[in-house]
Amino acid sequence: MDDDLIDEGNTPRSRYTRLPGKGFFYPDSLDEERAERRAREAIEGSEAVVVADGDADGLACAAMVREAYDAALDVADFEAAIAARLEDGDDAEGEGDDADAEGGDEGVAGDAESDPDDPTADAHAESPVGLVSAGPYSIDTSLERVLAYADDGVDLFVCDLCPDDYEWIAEPLETLAETADSIRWFDHHQWDPETAESVRDLGVDLVVGESDEECTADVALRSLDHAFDDRFSELAAVTRDHDLWIKEDPRSDDLADYSYWAGAEEYATVVGAYGADLPGTVQAFVAERRVEKEARIDAAVDRAVTHEVGDWTVAVTYGRCSQNEVAEALRESGADAAVIVKPAGSASIRGSEDFRHAHEVAGKVNGGGHPQAAGCKPDIYDDMLDYAQHWTTEGQACKRVILAAFEAVAEEVAGTEDGEDEADDASDAAESE
């Protein structure tokens, strides 16, 4: 493909925000080969391995595990690399703003091609605690790589990840339970009870926090046997502020944005060293990237169309943007729920106090998540023509199937409420007799 076709430099924002980022056009076979190689480099010879979601919550857990093992990388190398990027005006596009908290891509932290002039290029192989970033749909692949490359007796940590079904991860996890010295799993998503029981039956130390009270960083902080400095308690609190969408601490937006735009090794190292108070160089980097972020948010909000579904007002939009901020703007405009359809084919579903069924809607279209924050990727893309239609129609097919899922959930909720009303009426009649 001609590089100019996916170069955003001379393309209007109104056009390039309708298309996926450059990474979408990178062949999966080459991406998998690179991810496999880097996983091997990160895992081989490690004392411990962390498989974590590549967002701020999962990577905060990785920083805590490395701190507990005295295995943090030198933050000075990363700060120098960030300063060099700023000086060169290198505002290379980050793919994080295409990812969902519930989705994510498999890979290894800092999964970029090695640059011999970058002092952090081989950071993934330098710590005795290997870091592998994963999404909920690539847990099995990540566990298989740990099984393939880790030494017997390794300590394994899985953070901020929840499998939809135990059978999906059963084979690699059962073998790892026999070869690893310990497996500890920290999360705050809503687990299926049978899946949780099956994981625990293997001897895995599974700790699941309350999804509406804790983030996974909270769970890791209280579960790891280590006397952490106050910066880690503060890091967990600020991470929770964003992850649960509390929005009381302005630093939480900085952490969330930085986790999207930085490589995972960089993020875990920087927050491990500084906690929630990011250094000046990182703040400058985030501020520079945020100009583009805000413009994309405005474009997505302008594209939104509202629909009445049952008792709910659902705002639906399309584009490459930061889904949480777009959803917040749509809620402030009166929406009970927001759907942000992405050019890569996935979608984010965000709720409110009046809509706590996001995970139920997502579950009907190949996804899952929390009651007020979920993600999905409908199974409607068979070839590139389907994607071409997706881009040129601003995701009309994807929008239709997700709105149909909203309709189905609305009917289920209405049926449940009718049943409860009938039960209440019967109970009242019985008491009157």
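1. In what order do the 6 strands of the open sheet stand? The order is β6-β7-β8-β9-β11-β10, with mixed pairing; strands are DSSP runs of E with at least two residues, numbered from the N terminus, and two of them pair if DSSP finds at least two bridges between them. The edge strands, β6 (305-309) and β10 (367-369), each pair on one side only.

2. This is a predicted model, in which local features need pLDDT of at least 70 and side-chain atom pairs count only at pLDDT 80 or more, while totals for chains, interfaces and linings use all residues. Residues are numbered from 1 along each chain as its sequence is written, and side-chain values use heavy atoms, without hydrogens and water.

3. Within the sheet, strand β9 (residues 347-350) and strand β11 (residues 373-376) run antiparallel and are joined by 4 bridges. Ala 347 stands opposite Cys 376 in β11.

4. The largest nonpolar core (buried Ala, Val, Leu, Ile, Met, Phe, Trp, Tyr and Cys residues joined through side-chain atoms within 4.5 Å; buried means under 20% relative accessible area with a 1.4 Å probe, protein chains only) has 44 residues. Helix α3 (residues 56-68) supplies its largest share, 8 residues; helices are DSSP runs of H or I with at least four residues. Val 50 and Tyr 258 have the most contacts inside this core.

5. Leaving aside residues up to four places away in sequence, Val 50 touches several residues, including Ala 62, Val 65, Phe 157 and Cys 159; contact means heavy atoms within 4.5 Å. Another core, of 29 residues, lies apart from the largest one and includes Ile 43 and Leu 206.

Note on methods: Buried < 20%, exposed > 50% of the residue type's maximum accessible area, 1.4 Å probe, protein only.
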